[in-house]
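Q: Please take a close look at one salt bridge in this structure. Then place that pair in the wider picture.

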Amino acid sequence: MTKKTWILNFSVFFLHIFTSSKALDVTQYGAIGDGVTEDSQAFLKAWEAVCSGTGDGQLIVPAGMTFVLQPLKFQGSCKSNPIVVQILGNMVASSRGNWEGDKDQWILFSDIEGLVVEGNGVINGQGSSWWEHKGSSRPTALKFKSCNNLRLSGLTHVDSAKAHIHINNCNGVSISNLRINAPESSPNTDGIDVAASSNVIIQDCVIATGDDCIAINSGTSNIRVCGIDCGPGHGISIGSLGKDGETASVEDICVQNCNFRGTTNGARIKTWPGGSGYARRITFSGITLDNVENPIIIDQHYNNGGSEKNTDDKSSAVEISKVVYSNFVGTSKSEYGVDFRCSAAVPCTEIFMKDVRIETPSSGSGQVAQGQCLNVRGVSTLAVPGLECLALSTDMLSSAELPEQTCMLPQPSVQPSTRPMQDPFWPPLTTRRDTKTEEGTTNLHHPELEDTPESFTSSEPETY
């Protein structure tokens, strides 16, 4: 090692020690981390200190230790912005028999601006003691409420009693490089649920659960999902929407470059009969399927896991429109690769399929899957299975009806930015760019992404 290299390395080491010396460690506030002692009060004391401005807004859960925790509420607003929580050790929930307090969630972060939660630690929900009590209240493991400019990355989440991560009423969220794991038989253990939130990026995660890998619920807009490896689980879902007559709103959703392995669904949109509102401008693109039971499905007759037998008994439904399925390839476990079941009162409109080939693994012969549809209008080109309800087009680009959505992501920043993310857009056909990686085309697997040109950004979302 040369003298210059040694001096440089020592300087970097010294700088790291100097800049991190003020960070708070939960053990400074009495946390034991022996996997037996309950450490909740120590965590709350440490949070109170960091939120008030102590420790330069940095809180560390140290490596090599296991912290047993009761329900925790980390409440803002805080003097520090951003606040960085580094989880390097293991956080373990109390079992159901020892649970004290709120059963809505285990760990809640609320009303915090510029929150970063990152590290290579583990968040263990100890869900096995809850799963047999499916009809009873069960806590979501990690919930973020009203946390704008949020970043969550690097962690492993296992065995939540219910959903693993819930994002609610947040604007400007980046979620990346997570591993989420629960048994396929575990009930309602969604990976990531998003509701009433906008400008959200979820990328490069491996999710295997007993329910939806990702669920996008009402009140959401400008959501980008890419590089997700999903399975087992119930796929990536829009909904369910419209339950108990709810007026739903979901728009500008892009799901791209994702793999589904042995899931019950792939790309799914599900709404309850009797609801209202809309789910529109939704794109699923670059999807790989491996033995998926329902690769592409729209169900406007959803009924808590089933589908209404009497399909026309409701006069209203959530309106589904401007949905694009492009570049799908792989195998369907069932006979049907595409299943569209829409409402007679409020049909699905402007549904587009392009470059889709779904086969069945029957006898290893690559037999083409079938498709079925009800009350659907749209266009299909180069799609297998073909659907009688969709008009055939040999050149989809020439169709004036095509509202192809270009999926783009904003430039991520080192710290959460206060600048709003770029809105998605539905460009005119003359400005359409193919989703394949070409020169000048955005590649969603890389962080070095160009900003959307100002001339292409959409106007404010419409109010339903």
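A: Glu251 and Arg280 join through their side chains in a salt bridge, with N to O at 3.0 Å. The model is predicted. Glu251 sits in strand 22 (residues 247-261) and Arg280 in strand 24 (residues 276-292), so the contact ties together parts that are 29 residues apart in sequence.

Now the surroundings of each partner. Glu251 has a relative accessibility of 3% and counts as buried. Arg280 has a relative accessible area of 12%. Buried means under 20%, so Arg280 is buried too.

The pair has company. Arg281 forms a salt bridge with Asp252, and their closest N and O atoms are 2.6 Å apart. This pair also links distant parts of the chain: Arg281 belongs to strand 24 and Asp252 to strand 22, 29 residues apart. Both Arg281 and Asp252 are buried. Glu251, Asp252, Arg280 and Arg281 are linked in a network of salt bridges. Side chains of opposite charge can pair when their charged atoms come close.

Another pair offers a useful contrast. Glu350 and Lys322 form a salt bridge, with 3.0 Å between the closest N and O atoms. Glu350 lies in strand 30 (residues 348-360) and Lys322 in strand 28 (residues 319-332), so parts 28 residues apart in sequence are tied together. Here the burial differs from that of the network. Glu350 is partly exposed, at a relative accessible area of 26%. Lys322 is partly exposed as well, at 26% relative accessibility. Across the whole structure, a search finds 13 salt bridges.

Next, the sheet. It is open and parallel, with 11 strands in the order 5-8-11-14-17-19-21-23-25-29-32. Strand 5 (72-75) and strand 32 (370-374) are at the edges; each has a single partner strand, so one side of each is left without a neighbour in the sheet. From one strand to the next, the twist averages 10°. At the strand 32 edge, strand 29 (residues 336-341) pairs with strand 32 in the parallel sense over five bridges. Arg341 stands opposite Leu374 of strand 32. At the other edge, helix 2 (residues 40-51) lies across strand 5 and strand 8 (105-110). Helix 2 runs at about 5° to strand 5.

Helix 2 also matters for the nonpolar core. The largest such core has 96 residues, of which Trp47, Phe109, Phe144, Tyr325 and Phe340 touch the most other members. Helix 2 gives the most to this core, with seven residues. In soluble globular proteins, nonpolar side chains tend to be buried together.

Phe144 shows what one of these core residues meets. Leaving aside neighbours within four places in sequence, Phe144 is in contact with Phe109, Leu115, Val117, Leu150 and Leu152, among others. Its contacts also include Ile165, His166, Ile167, Asn168 and Cys170.

Finally, confidence. The chain has a mean pLDDT of 82, and 77% of its residues reach 70 or more. Residues 396-404 have pLDDT below 50, yet this stretch has 25 contacts in the model beyond near neighbours in sequence. Residues 409-464 also stay under 50 in pLDDT. For that stretch, the model has 111 contacts beyond four places in sequence.

Note on methods. Residues numbered from 1 in each chain as written. Predicted model: local features only at pLDDT ≥ 70, side-chain atom pairs only at ≥ 80, totals over all residues. Heavy atoms only, no water. Pairing = 2+ DSSP bridges. Helix = DSSP H or I, 4+ residues; strand = E, 2+ residues; numbered from the N terminus. Axes fitted to C-alpha atoms, helices over the stretch in contact; angles between N-to-C directions. Contact = heavy atoms within 4.5 Å. Core = buried A, V, L, I, M, F, W, Y, C linked by side-chain atoms within 4.5 Å. Buried < 20%, exposed > 50% of the residue type's maximum accessible area, 1.4 Å probe, protein only. pLDDT = per-residue confidence, 0-100. Salt bridge = Lys/Arg side-chain N within 4 Å of Asp/Glu carboxyl O.
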